[in-house]
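Please look through the sequence and the model shown below. The paragraphs after it take up the salt bridges and then move on to the rest of the fold.

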Amino acid sequence: MLKLEGVVAGYGQTVCLKGVSLEVHEGEIVALLGAYGAGKTTTLMTISGLVSVRQGAVILKGERIDQRRPEAITALGVGHIPEGRGIFSRLSVLEHLQLGAYLRRDQEGIAKDLERVCKLFP
């Protein structure tokens, strides 16, 4: 479902990822582990399109996505929740949940999903 092939990426002149390859199959749960500064966040930001791929490819469901803009990658269903707190500190929990549906247009489906989430996490 998601594949990174020899991805090289970084910030400015600094290369942080040097030939990263991984594959995640549909239904799998994968943890990306490593020491501070190992490139975990950069890998996720590269998948999300927030960091540009210099070499290699990011492939989602057989289609290369690394040359797309972040909003186009999000529209494909790829989400990135940054670490840390307070990014949207003024929003309520409900507003955060609603923000997660900003690309959707099916109000009835959104309402059903919100109801389901509220039952799971009262």
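The structure holds 8 salt bridges. It is a predicted model, and every value given here is computed from it. Side chains of opposite charge can pair when their charged atoms come close. In one such pair the side chains of Glu71 and Arg69 meet, with N to O at 2.8 Å. Glu71 counts as partly exposed because its relative accessibility is 42%, while Arg69, with a relative accessible area of 56%, is exposed.

Two further pairs belong to helix H4. The side chains of Lys112 and Glu108 form a salt bridge at 3.6 Å, N to O. Because Lys112 and Glu108 are 4 residues apart in helix H4, about one helical turn separates them. Lys112 has 54% relative accessibility and so counts as exposed; Glu108, at 59%, also counts as exposed. Lys119 forms a salt bridge with Glu115, and their closest N and O atoms are 3.4 Å apart. Lys119 and Glu115 also lie 4 residues apart in helix H4, about one turn of the helix. Lys119 is exposed, with a relative accessible area of 63%, whereas Glu115 is partly exposed at 46%. Elsewhere, salt bridges that share partners join Arg104, Asp106 and Asp113 into one network.

Now consider the chain as a whole. The chain has 4 helices and 4 strands, and along the sequence they follow the pattern β-β-α-β-β-α-α-α. Its C-alpha trace spans about 45 × 30 × 25 Å along the principal axes. Of the 122 residues in the chain, 23% are buried. The accessible surface comes to about 9,200 Å², and carbon and sulfur atoms account for 56% of that surface. Among contacts with a separation of 6 or more, 50% are between residues 24 or more positions apart.

At the start of the pattern, S1 and S2 pair in the antiparallel sense over 8 bridges. Within this pairing Gly10 stands opposite Val15 in S2. The two strands form a hairpin with 2 residues between them, and Gly12 in the turn has a positive phi of about 55°. Thr14 is found in strand S2 and counts as partly exposed because its relative accessibility is 48%. The C-alpha atom of Thr14 is separated by 33 Å from that of His96, which is 82 residues away along the chain.

Which residues touch the most other members of the largest nonpolar core? They are Leu2, Leu4, Val7 and Val58, out of 14 residues in this core. Strand S1 (2-11), strand S2 (14-24) and strand S3 (53-60) are the elements that give two or more residues to the core, and the largest share, 4 residues, comes from S1. Leaving aside residues up to four places away in sequence, Leu4 touches Val20, Ser21, Leu22, Thr43, Ile47, Ala57 and Val58.

Ser48 lies in the loop between helix H1 (40-47) and S3. Why does Ser48 count as buried? Its relative accessibility is 9%, and buried means under 20%. With residues up to four places away in sequence left out, Ser48 touches Pro70, Ile73, Val78 and His80.

On the surface, Phe88, Leu91, Leu99, Tyr102 and Leu103 make a nonpolar patch of about 450 Å². One of these residues, Leu103, is found in the loop between helix H3 (93-99) and helix H4 (107-120). Leu103 counts as partly exposed because its relative accessibility is 41%.

Notes:
Residues numbered from 1 in each chain as written. Predicted model: local features only at pLDDT ≥ 70, side-chain atom pairs only at ≥ 80, totals over all residues. Heavy atoms only, no water. Core = buried A, V, L, I, M, F, W, Y, C linked by side-chain atoms within 4.5 Å. Buried < 20%, exposed > 50% of the residue type's maximum accessible area, 1.4 Å probe, protein only. Contact = heavy atoms within 4.5 Å. Patch = residues over 30% accessible without salt bridge, like charges linked within 9 Å, V, L, I, M, F, W, Y side chains within 5 Å. Areas by Shrake-Rupley, 256 points an atom, 1.4 Å probe, with all protein chains shown as cover. Salt bridge = Lys/Arg side-chain N within 4 Å of Asp/Glu carboxyl O. Pairing = 2+ DSSP bridges.
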